[in-house]
Structure formats: structure tokens, C-alpha cells
Amino acid sequence: MGTSLARSATGKVALVTGAAGGIGAAVVARLHAAGASIAALDVPGRLAPRSGRRMLRLAGDATRESDVSDAVSQTVEHFGRLDWLVHTVGRVGSGGIEACSLAEWRSQLAVNLDSAFLFCREAAPHLAAARGAVVLFSSTNGRTGGSAVSGAAYAVAKAGIINLARFLARDWASAGVRVNCIAPGPVDTVMLDRLGAAGRARLLKTIPLGRFSSAEQVAAQVAFLLSDDCAAVSGEVFNTSGALVLD
Ligand SMILES: NC(=O)c1ccc[n+]([C@@H]2O[C@H](COP(=O)([O-])OP(=O)(O)OC[C@H]3O[C@@H](n4cnc5c(N)ncnc54)[C@H](O)[C@@H]3O)[C@@H](O)[C@H]2O)c1
């Protein structure tokens with residue numbers, strides 16, 4: 001962990017969503033180890049009942065307006081401020097649009113895109129007060145158009161995340177709030193397990209570097225983007241895909 005992050009993280013408060021997931025849990029561990037206080041949110045029953053200093057566990061549905069607003073207020077009530085928002089909540093789908101019901105389409109957009117809108121909106125005044133920073137999660141699917149492996153709605157939602165980050169980067173710049181986006185290629189979390197061993201091996205062959213990212217590597221990138229080393233970086237999209245996607 002870099003000295004700049006250690007310097008920037010002490011006294012900072014981070015709200016991490018999807019905190020029981022592969023990437024979310026790694027982000028929580030990384031920022032906590034660097035000295036930040038963490039509010040960790042996931043759906044009820046998913047977060048391990050760990051106790052620890054500088055740790056607030058929140059149960060909620062990131063697609064429900066009242067749950068999101070409660071999570072942000074509880075964070076600020078508990079820690080007194082909110083500096084960083086890391087929104088990792090997401091869910092892959094599969095297939096084209098022919099067999100996709102309107103309910104499933106809406107559910108995918110709600111989990112992958114509405115949730116980011118809600119958290120950013122609710123956190124906005126607190127982030128502005130702290131001159132804070134945000135990291136949102138897109139995907140290579142959001143850059144390339146995706147495929148039936150992850151589904152149409154997922155690709156559309158993840159493209160939306162990129163423009164949400166870019167919009168906010170400009171709109172919040174005068175308040176000193178930075179917003180960046182990571183668009184990972186395959187990361188070795190449960191999200192890849194659904195592909196099975198043969199599917200994983202096929203996917204690996206498509207990656208020029210011949211390796212998946214680990215959740216810890218992605219968490220290190222989040223920490224870097226939040227740190228003062230990136231004080232002039234906002235509105236950027238980082239592929240983190242082993243050279244799979246380059247633009
Ligand atoms: N793992 C990958 O290969 C990969 C690749 C590209 C992009 N991403 C993106 O990175 C992010 C994190 O991925 P991951 O691999 O850690 O996924 P994951 O499935 O391990 O974690 C996602 C977490 O979000 C939580 N969640 C889902 N719906 C929720 C809701 N409505 N309210 C609250 N929490 C909810 C889940 O319970 C889970 O803990 C996601 O946005 C994903 O789309 C992942």
C-alpha cells in the first residue's frame with residue numbers, strides 16, 4: 001500500500017456497496033488496512049458478522065430508494081462524514097433480447113445502473129462537503145457492446161455507468177468531487193464461477209495477457225484512484241482487462 005494512500009486514507013470515511021462480493025470485500029479490506037473507516041453495504045444476510053474498529057455493516061437493497069438514503073444517512077450519522085463512495089453492486093445476466101422479459105430487463109438495469117444513480121445522488125452533498133471521490137464499476141461489456149454471455153441489459157447498463165461517471169466528473173468538478181470508473185475484464189470472483197472450468201479456460205484464451213485480474217488487484221486500483229496521487233484524475237475509464245479492450 002502506497003504512502004500516499006496511507007496518508008490520504010487516515011480519517012477518511014468510505015461507503016463500499018456490494019461489500020460481500022469478490023471485489024467489494026477486497027476493497028473493504030484494502031481501504032480499512034490503509035486507515036479508512038468503512039460503511040459496508042450488501043443485501044441482508046450476505047455480510048459476515050465481523051466486528052472491528054472503523055467498520056459499520058449495513059444491510060440494504062441498492063435498488064430501493066429508501067434503503068439507499070438510509071445507508072447514506074447511517075454512514076454520516078455514525079462517522080460524521082463521507083469522503084469516498086465505491087459502488088461495486090452488480091449482477092450479470094445472459095442471452096440476447098428475444099427471450100428477455102421486460103421484468104428481467106428492468107431488474108438488470110435497476111441493479112446495475114439505477115443503484116449507482118441512487119447512491120451518487122444521495123451521497124452528493126456529503127461528498128461535496130468532503131471534496132471527496134467516487135469509483136463506479138462498469139465492465140468491458142459496457143465498452144464493447146457485450147455478448148450473450150453476460151446479456152444485453154448488462155451491457156447497456158454498464159455503458160450507462162460510463163456516462164454517469166463522465167457526467168458527474170464534469171458536473172461535480174467545481175465542488176472538488178472526482179468520479180472515475182473501472183471497466184474490468186474478467187476478474188477471478190464468483191462471477192466467473194458460473195462459467196464452469198471449460199468456460200473459464202475458453203475465456204482465458206481470449207485475454208492477451210493470459211490472466212484474469214484478482215479482486216485484490218482491482219481493489220489496489222480503486223485505492224489508487226481515491227488517493228491524492230489521482231487528485232487531477234476524473235471522468236476516466238480504466239479497462240483493467242489484460243489488454244482485451246484498449247480504447
Ligand atoms: N468479476 C468480474 O469478472 C467482473 C467483470 C467486469 C465487471 N465486474 C463488475 O464489478 C462489480 C463487482 O463484481 P464482483 O465480481 O465483485 O461481483 P460479486 O457478484 O462477487 O459481488 C456483487 C455484490 O453485489 C451485491 N448485490 C447485488 N445486488 C444487490 C442489491 N440490489 N443491493 C445490494 N447489494 C447487491 C451481491 O450480494 C454481491 O455481494 C460488479 O458491478 C460487476 O458487474 C465484475
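1. To begin with the ligand, one of its oxygen atoms is 2.8 Å from an N or O atom in the side chain of K158. The model is a predicted one, and this distance, like the others below, should be read with that in mind. Two further polar approaches belong beside it: a polar side-chain atom of Y154 lies 2.6 Å from an oxygen atom of the ligand, and a polar backbone atom of G22 is 2.9 Å from a ligand oxygen atom. Taken alone, the ligand exposes 830 Å², and the protein buries 91% of that area.

2. The surroundings of the ligand comprise 29 residues, of which D42, R46, Y154, V187 and T189 come nearest. Y154 thus appears both in this nearest group and in the polar approach at 2.6 Å.

3. N112 deserves a point of its own, since both Y154 and K158 are in contact with this residue. N112 lies in helix α4 and has a relative accessibility of 0%, so it counts as buried. A polar atom of its side chain lies 2.9 Å from the backbone nitrogen of R91. Leaving aside neighbours within four places in sequence, the contacts of N112 are with G90, R91, Y154, A157, K158 and I161.

4. Which residues have the most contacts inside the largest nonpolar core? They are L15, L82, F119, V134, L136, W172 and V179, in a core of 36 residues. At least two residues of this core are supplied by each of the strands β1 (13–17), β2 (37–42), β3 (55–59), β5 (133–137) and β6 (178–182), and likewise by each of the helices α3 (65–79), α4 (102–130) and α6 (152–171). Helix α4 gives the largest share, eight residues. As general background, nonpolar side chains tend to be buried together in soluble globular proteins.

5. F119 gives a view of this core from one of its members. Not counting residues up to four places away in sequence, F119 touches L15, T17, L41, A62, V68, A71, V72, L85 and H87. Apart from the largest core lies another, of 29 residues, among them I23, A133, V135 and I182.

6. Turning to the chain as a whole, its secondary structure comes to nine helices and seven strands. The radius of gyration is 17 Å, close to the 18 Å that the globule rule gives for 247 residues, so the protein chain is as compact as a globular protein of that length. The C-alpha trace spans about 45 × 40 × 40 Å along its principal axes. Among the contacts with a separation of 6 or more, residues 24 or more positions apart account for 70%.

7. Burial and surface can be taken together. Buried residues make up 49% of the 247 residues in the protein chain, whose accessible surface comes to about 11300 Å², with 54% of it belonging to carbon and sulfur atoms.

8. Two backbone angles may be worth a second look by the reader. Most residues other than glycine have a negative phi. In R131, however, phi is positive, near 50°; R131 sits in the loop between α4 and β5 and is exposed, with a relative accessible area of 57%. T240, found in the segment after β7 (237–238), also has a positive phi, near 45°.

Methods. Residues numbered from 1 in each chain as written. Predicted model: local features only at pLDDT ≥ 70, side-chain atom pairs only at ≥ 80, totals over all residues. Heavy atoms only, no water. Core = buried A, V, L, I, M, F, W, Y, C linked by side-chain atoms within 4.5 Å. Buried < 20%, exposed > 50% of the residue type's maximum accessible area, 1.4 Å probe, protein only. Helix = DSSP H or I, 4+ residues; strand = E, 2+ residues; numbered from the N terminus. Contact = heavy atoms within 4.5 Å. Near = heavy atom within 4 Å. Polar contact = N/O pair within 3.5 Å; in protein donor to acceptor, adjacent residues only side chain to side chain. Areas by Shrake-Rupley, 256 points an atom, 1.4 Å probe, with all protein chains shown as cover. Rg over C-alpha atoms; globule rule 2.2 N^0.38 Å.
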